[in-house]
Amino acid sequence: MADSRPNVLFVLTDQERYDCTAPDGPPVETEALDRLSSEGMRFSRACTPISICTSARASLMTGLFPHGHGMLNNSHEADAIRPNLPAGLPTFSEALAESGYDCSYTGKWHVGRDQTPEDFGFAYLGGSDTHHDDIDEAFREYRAERGVPLGEVDLEEELYTGDDPRDPSEGTFVAATTPVDVEETRAYFLAERTIDAIEDHADGRGENGDGSEGDDPFFHRADFYGPHHPYVVPEPYASMYDPAEIDPPASYAETYDGKPQVHENFHHYRGADGLEWDHWAEATAKYWGFVSLIDDQLERILEALEEHGLADETAVVHASDHGDFVGNHRQFNKGPLMYDDTYRIPLQVRWPGVVEPGSTCEAPVHLHDLAATFLEIGGVDVPDSFDSRSLVPLLEASGDPDAAPDDWPDSTFAQYHGDEFGLYTQRMVRTERYKYVYNGPDIDELYDLEADPAELQNLIDHPGYADVREEMRDRLVDWMQETDDPNQGWVPDVLEDVS
């Protein structure tokens with residue numbers, strides 16, 4: 001009997017902001033992602049469990065909050081707390097592969113220093129690099145074959161952090177224009193590899209995670225390198241958005257008054273104090289161009305599904321591991337600042353015959369809820385170890401909050417443990433209106449997102465919000481207990497003492 005389970009195409013972008021595809025967001029051209037929203041469901045309150053690559057991606061694989069899998073910072077760094085996923089943790093991909101799904105993967109990995117997607121049930125089709133992990137040389141060979149080897153291209157309009165944003169010796173590479181053709185970008189290459197996988201599946205030649213071939217339903221994961229910095233894009237994307245027409249966001253008025261000291265420290269540490277708004281406008285234009293470049297590659301992938309008659313039987317999911325500051329709050333990259341800029345993520349799901357086109361889900365969800373979702377889509381039991389909850393009930397209810405399970409949380413929980421800046425303990429709970437951030441070594445934060453969507457005013461000591469503060473602290477403690485957070489042994493007492 002033929003396997004009637006749906007195929008799944010999962011597209012994960014790297015450091016994509018939520019607002020780029022939000023209806024009230026900036027004027028970024030994202031026709032393919034808008035198409036997923038109009039033909040499926042857009043989640044308006046999705047968040048990452050942690051705003052750092054390895055940790056978020058490990059949560060996605062295991063369905064666990066970071067304290068559960070132990071990969072608390074980036075695996076490629078010398079100070080990685082854990083360079084690889086611990087042995088024995090169930091992952092959604094291994095469960096899908098064992099159930100008969102043909103699992104394939106292309107692009108960024110960054111979940112383990114020594115492990116690869118092939119250790120977790122995937123057939124790996126190439127596209128990684130040596131910065132985050134050294135899986136293969138596929139993209140380097142691709143560029144060499146096209147006569148434009150990596151590292152032999154003179155970039156233009158280069159921008160760096162530091163006191164002199166045009167001096168490469170000053171700081172971190174932020175943005176530039178590359179003279180290569182679109183077909184020579186990594187985004188185009190990863191789309192090509194994904195289209196190849198779709199064609200193989202359509203022809204019944206897909207390679208299963210165990211090396212066998214067959215016509216089983218497929219799960220393909222396409223991980224794009226971007227729009228993570230450096231925002232290096234070719235024409236026409238490099239000049240698609242005019243920096244002169246980009247106004248500072250409301251959060252650019254940030255003064256750091258009343259905020260934890262680490263916010264201002266991080267501003268200096270990242271070298272962002274040398275960047276004025278005209279630099280950030282230039283970087284923002286390149287960032288938006290990067291988003292549009294990837295969006296056009298997604299359109300090519302969606303067209304391939306249609307051309308091969310697979311669109312109606314394939315659930316397409318897009319999300320990002322976390323967001324990016326791009327000058328908001330005058331910050332660069334991400335770090336120990338739990339603003340929506342980096343913790344709120346885009347999430348769209350198109351599932352023909354199940355999800356009502358053009359629906360919006362306002363229920364709060366986490367990135368790693370996708371681990372349980374993929375398993376339920378595939379008819380596979382969700383391991384008891386998972387902290388994640390399947391989104392299938394929300395998808396089937398077309399986002400109607402009244403149709404959500406009675407015990408669905410009304411808040412999200414997130415955390416941060418540090419990166420190369422050093423260990424720094426944070427926990428966050430966010431409802432539709434309020435956000436509370438626990439900072440282990442410094443003052444806590446409380447924001448009224450309705451009155452202050454830019455998160456400029458820390459209300460933690462405001463007498464008018466005393467009841468809200470207590471309620472949000474109770475929510476945080478509940479999340480810590482529910483997820484067996486190791487800090488639950490002392491944080492509740494600390495919060496009680498400062499109440």
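In this predicted model, Pro236 turns up in the loop that runs between β11 and α7, the latter covering residues 261–269. The peptide bond joining Glu235 to Pro236 is cis, and its omega is about 10°. A second cis bond leads from His229 to Pro230, this one with omega near -5°. Pro230 belongs to the loop between β10 (218–227) and β11 (231–233). Strand β11 thus has a cis proline in the loop before it and another in the loop after it. Such spots catch the eye because most peptide bonds are trans, just as most residues other than glycine have a negative phi.

The second half of that rule has its exceptions here too. His110 is not a glycine, yet its phi is positive, near 65°. This residue sits in the loop between β4 (102–107) and β5 (123–124). How buried or exposed is His110? With a relative accessible area of 0%, His110 falls under the 20% cut-off and so counts as buried. Arg330 also shows a positive phi, near 60°, again in a residue other than glycine. Its place is the loop between β12 (314–320) and α9 (340–343). For Arg330 the relative accessible area comes to 22%, so this residue is partly exposed, given that the partly exposed range runs from 20% to 50%.

Stepping back to the chain as a whole, there are 13 helices and 19 strands to keep track of. The chain has 499 residues and a radius of gyration of 22 Å; a compact globule with that many residues would come out near 23 Å, so the two agree. Along the principal axes, the C-alpha atoms fill a box of roughly 65 × 55 × 40 Å. Of the 499 residues, 61% count as buried. The surface that the chain does expose adds up to about 18700 Å², and carbon and sulfur atoms supply 43% of it. As for how the chain meets itself, take the contacts with a separation of 6 or more: 71% of them are between residues 24 or more positions apart.

One of the helix pairs worth a look is α1 (residues 31–39) with α8 (residues 277–307). Their axes lie 7 Å apart and make an angle of about 55°. That angle is neither roughly parallel nor roughly perpendicular, so α1 and α8 are oblique to each other. On the α1 side, the contact is made by Glu31, Ala32, Leu33, Arg35 and Leu36. Facing them from α8 are Asp295, Leu298, Glu299, Leu302 and Glu306.

Further along the chain comes a sheet. Its 4 strands run in the order β16-β17-β18-β19, the pairing is antiparallel, and the sheet is open. Which strands stand at the edges? They are β16 (412–419) and β19 (445–448); each has a single partner strand, so one side of each is left without a neighbour in the sheet. On average, and with direction ignored, neighbouring strands of this sheet are turned by 15° against each other. The edge strand β19 is held against β18 (residues 434–439) by 4 bridges, with the two strands running antiparallel. Among the residues involved is Tyr436, whose bridge partner in β19 is Leu446.

How values were computed. Residues are numbered from 1 along each chain as its sequence is written. This is a predicted model: local features need pLDDT of at least 70, side-chain atom pairs count only at pLDDT 80 or more; totals for chains, interfaces and linings use all residues. Side-chain values use heavy atoms; hydrogens and water are left out. Two strands pair if DSSP finds at least two bridges between them. Axes are lines fitted to C-alpha atoms, for helices over the stretch in contact, and angles run from 0 to 180 degrees between N-to-C directions. The radius of gyration is taken over C-alpha atoms; the globule rule is 2.2 Å times the number of residues to the power 0.38. Buried means under 20% relative accessible area, exposed over 50%, partly exposed in between (1.4 Å probe, protein chains only). Contact means heavy atoms within 4.5 Å. Accessible areas come from the Shrake-Rupley method with a 1.4 Å probe; for residues, only the protein chains shown count as cover. Angles under 35 degrees count as roughly parallel, over 145 as roughly antiparallel, 65 to 115 as roughly perpendicular and the rest as oblique.
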